[in-house]
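Visitor: I would like a close look at one part of this protein. Could you pick out a single helix and walk me through how it sits among its surroundings?

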Amino acid sequence: MRLDDKLLEFFTRPLMCIIAGADAAGRPSAGRGVGFHLIEDREAIEVIFSAWQWPRLEPCIRQTGRIAATFVSPSDYVSFQLKGAATMRDTQAPDLDHAERFITAATNELESLGVPRRLIAPWLTAREARVARLEVSETYIQTPGPLAGMLAGARSR
(Lines give C-alpha, C1' and ligand atoms only; values in the text may rest on other atoms or scores of the structure.)
Protein backbone atom coordinates (compact mmCIF):
# COMPACT_ATOMS: atom_id res chain seq x y z
CA MET A 1 0.00 0.00 0.00
CA ARG A 2 1.40 3.37 -0.99
CA LEU A 3 1.12 6.21 1.54
CA ASP A 4 -0.68 9.23 0.07
CA ASP A 5 0.36 12.90 0.19
CA LYS A 6 -2.01 13.67 3.08
CA LEU A 7 -0.35 11.03 5.24
CA LEU A 8 3.13 12.16 4.19
CA GLU A 9 2.21 15.69 5.27
CA PHE A 10 0.99 14.33 8.61
CA PHE A 11 4.41 12.72 9.17
CA THR A 12 6.09 16.15 9.06
CA ARG A 13 4.38 17.12 12.35
CA PRO A 14 5.73 16.52 15.85
CA LEU A 15 4.31 13.08 16.69
CA MET A 16 4.11 10.40 19.33
CA CYS A 17 4.17 6.71 18.39
CA ILE A 18 3.03 3.41 19.88
CA ILE A 19 4.15 0.11 18.33
CA ALA A 20 2.15 -3.03 19.08
CA GLY A 21 2.62 -6.66 18.27
CA ALA A 22 2.01 -10.10 19.69
CA ASP A 23 4.15 -13.18 20.20
CA ALA A 24 3.50 -16.56 18.60
CA ALA A 25 1.10 -17.45 21.44
CA GLY A 26 -0.88 -14.24 20.87
CA ARG A 27 0.36 -12.42 24.00
CA PRO A 28 0.41 -8.69 23.20
CA SER A 29 3.38 -6.39 23.57
CA ALA A 30 3.51 -2.66 22.99
CA GLY A 31 6.07 0.07 23.29
CA ARG A 32 6.68 3.68 22.50
CA GLY A 33 8.37 4.52 19.22
CA VAL A 34 11.11 7.14 19.35
CA GLY A 35 11.66 7.81 15.69
CA PHE A 36 10.82 6.78 12.16
CA HIS A 37 11.98 6.96 8.59
CA LEU A 38 9.64 6.84 5.59
CA ILE A 39 10.98 4.67 2.78
CA GLU A 40 11.20 6.37 -0.62
CA ASP A 41 8.75 3.97 -2.30
CA ARG A 42 6.09 5.21 0.20
CA GLU A 43 5.08 1.62 0.95
CA ALA A 44 7.11 1.13 4.13
CA ILE A 45 8.15 2.95 7.26
CA GLU A 46 10.98 2.10 9.63
CA VAL A 47 10.10 2.68 13.28
CA ILE A 48 12.71 3.05 16.02
CA PHE A 49 12.12 1.91 19.61
CA SER A 50 14.14 1.20 22.75
CA ALA A 51 14.77 -2.51 23.36
CA TRP A 52 15.96 -1.50 26.82
CA GLN A 53 12.59 0.04 27.65
CA TRP A 54 10.44 -2.42 25.67
CA PRO A 55 12.33 -5.76 25.77
CA ARG A 56 9.42 -7.98 24.63
CA LEU A 57 8.69 -6.03 21.47
CA GLU A 58 11.60 -7.19 19.31
CA PRO A 59 11.07 -10.92 20.05
CA CYS A 60 7.37 -10.53 19.18
CA ILE A 61 8.20 -8.91 15.85
CA ARG A 62 10.74 -11.63 15.07
CA GLN A 63 8.24 -14.39 15.98
CA THR A 64 5.20 -13.16 14.07
CA GLY A 65 6.52 -10.68 11.52
CA ARG A 66 3.62 -8.26 12.11
CA ILE A 67 3.12 -4.96 13.90
CA ALA A 68 0.82 -1.99 14.13
CA ALA A 69 2.27 1.49 14.60
CA THR A 70 -0.02 4.29 15.74
CA PHE A 71 1.13 7.88 15.24
CA VAL A 72 -0.56 10.73 17.11
CA SER A 73 -0.20 14.49 16.83
CA PRO A 74 -0.30 15.65 20.49
CA SER A 75 -1.59 19.13 19.62
CA ASP A 76 -4.87 17.99 18.05
CA TYR A 77 -5.05 14.17 18.49
CA VAL A 78 -5.04 13.52 14.74
CA SER A 79 -3.99 9.87 14.61
CA PHE A 80 -3.32 7.13 12.10
CA GLN A 81 -2.50 3.46 12.61
CA LEU A 82 -0.42 1.56 10.06
CA LYS A 83 -0.45 -2.24 10.03
CA GLY A 84 1.46 -4.83 8.09
CA ALA A 85 4.35 -7.23 7.83
CA ALA A 86 7.44 -6.32 9.82
CA THR A 87 11.09 -7.28 9.95
CA MET A 88 13.91 -6.19 12.20
CA ARG A 89 17.12 -4.73 10.80
CA ASP A 90 20.40 -3.58 12.30
CA THR A 91 20.41 -0.10 13.81
CA GLN A 92 22.66 2.40 12.02
CA ALA A 93 23.91 5.91 12.84
CA PRO A 94 21.20 7.69 10.76
CA ASP A 95 18.56 5.87 12.84
CA LEU A 96 19.94 7.46 16.00
CA ASP A 97 19.78 10.86 14.27
CA HIS A 98 16.11 10.22 13.35
CA ALA A 99 15.42 9.23 16.97
CA GLU A 100 17.13 12.33 18.34
CA ARG A 101 15.11 14.63 16.06
CA PHE A 102 11.86 12.79 16.88
CA ILE A 103 12.50 12.95 20.64
CA THR A 104 13.37 16.66 20.46
CA ALA A 105 10.27 17.51 18.40
CA ALA A 106 7.95 15.43 20.61
CA THR A 107 9.43 16.86 23.80
CA ASN A 108 9.11 20.45 22.57
CA GLU A 109 5.54 19.85 21.41
CA LEU A 110 4.46 18.24 24.68
CA GLU A 111 6.17 20.96 26.69
CA SER A 112 4.33 23.63 24.66
CA LEU A 113 1.11 21.87 25.67
CA GLY A 114 1.99 22.14 29.36
CA VAL A 115 3.68 18.81 30.08
CA PRO A 116 6.83 19.40 32.17
CA ARG A 117 10.04 18.31 30.44
CA ARG A 118 11.09 16.30 33.53
CA LEU A 119 7.99 14.10 33.08
CA ILE A 120 8.61 13.56 29.38
CA ALA A 121 12.23 12.41 29.58
CA PRO A 122 11.49 8.89 30.95
CA TRP A 123 9.00 8.23 28.14
CA LEU A 124 11.39 8.89 25.29
CA THR A 125 14.72 7.11 25.14
CA ALA A 126 16.70 5.61 22.28
CA ARG A 127 18.75 3.41 24.64
CA GLU A 128 19.45 0.08 22.87
CA ALA A 129 17.63 1.42 19.79
CA ARG A 130 16.10 -1.13 17.44
CA VAL A 131 14.54 -0.63 14.01
CA ALA A 132 11.45 -2.42 12.72
CA ARG A 133 10.59 -2.06 9.04
CA LEU A 134 6.83 -2.05 8.52
CA GLU A 135 5.54 -2.88 5.03
CA VAL A 136 2.22 -1.04 5.19
CA SER A 137 -0.81 -3.07 4.12
CA GLU A 138 -3.54 -1.21 6.04
CA THR A 139 -3.99 2.35 7.30
CA TYR A 140 -6.69 3.30 9.78
CA ILE A 141 -7.95 6.66 10.98
CA GLN A 142 -7.60 6.78 14.75
CA THR A 143 -8.50 10.43 15.35
CA PRO A 144 -11.27 10.59 17.97
CA GLY A 145 -14.63 11.16 16.31
CA PRO A 146 -17.03 9.55 13.86
CA LEU A 147 -14.28 8.23 11.54
CA ALA A 148 -12.19 6.59 14.28
CA GLY A 149 -11.37 3.01 13.38
CA MET A 150 -12.26 3.43 9.73
CA LEU A 151 -9.95 2.18 7.03
CA ALA A 152 -8.30 5.21 5.46
CA GLY A 153 -9.03 5.74 1.76
CA ALA A 154 -7.57 3.31 -0.72
CA ARG A 155 -4.07 4.24 -1.79
CA SER A 156 -3.04 3.70 -5.38
CA ARG A 157 0.43 2.61 -6.44
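Guide: Happy to; what follows is a look at helix 2 and at the strands around it. Please keep in mind that this is a predicted model.

Let us begin with the whole chain, to see where the helix belongs. The protein chain has 4 helices and 6 strands, and along the sequence they come in the order α-β-β-β-α-β-β-α-α-β. The radius of gyration is 15 Å, close to the 15 Å that the globule rule gives for 157 residues, so the chain is as compact as a globular protein of that length. Along the principal axes, the C-alpha atoms fill a box of roughly 40 × 35 × 30 Å. Of the 157 residues, 44% count as buried.

Now to the helix itself. Helix 2 covers residues 57-64, and its buried residues are Leu 57, Glu 58, Cys 60 and Ile 61. These residues lie on the same side of helix 2, because the arc they cover around the axis is only 160°. So what covers them? The cover includes strand 1, strand 2 and strand 3, together with strand 4 (66-72), strand 5 (79-89) and strand 6 (129-141). Just after the helix comes Gly 65, with a positive phi of about 65°.

Three of those covering strands are worth following one by one. Strand 1 (residues 16-22) runs antiparallel to strand 2 (residues 28-38), and 6 bridges join them. One pairing you can find on screen is Gly 21 with its bridge partner in strand 2, Ser 29. The two strands form a hairpin with 5 residues between them, and in the turn Gly 26 has a positive phi of about 90°.

Strand 2 also pairs with strand 3 (residues 44-50), again in the antiparallel sense, over 5 bridges. Here Leu 38 has Ile 45 of strand 3 as its bridge partner. This hairpin has 5 residues between its strands, and Arg 42 takes a positive phi near 65°.

Finally, some values for the chain as a whole. Among contacts between residues at least 6 apart in sequence, 69% join residues at least 24 apart. The surface that the chain exposes comes to about 8200 Å², with carbon and sulfur atoms supplying 55% of it. If you return to the helix in the viewer, try colouring Leu 57, Glu 58, Cys 60 and Ile 61, the buried residues of helix 2, and then the strands that help to cover them, strand 6 among them.

Technical notes. Residues numbered from 1 in each chain as written. Predicted model: local features only at pLDDT ≥ 70, side-chain atom pairs only at ≥ 80, totals over all residues. Heavy atoms only, no water. Pairing = 2+ DSSP bridges. Buried < 20%, exposed > 50% of the residue type's maximum accessible area, 1.4 Å probe, protein only. Arc of directions from axis to C-beta. Contact = heavy atoms within 4.5 Å. Rg over C-alpha atoms; globule rule 2.2 N^0.38 Å. Areas by Shrake-Rupley, 256 points an atom, 1.4 Å probe, with all protein chains shown as cover.
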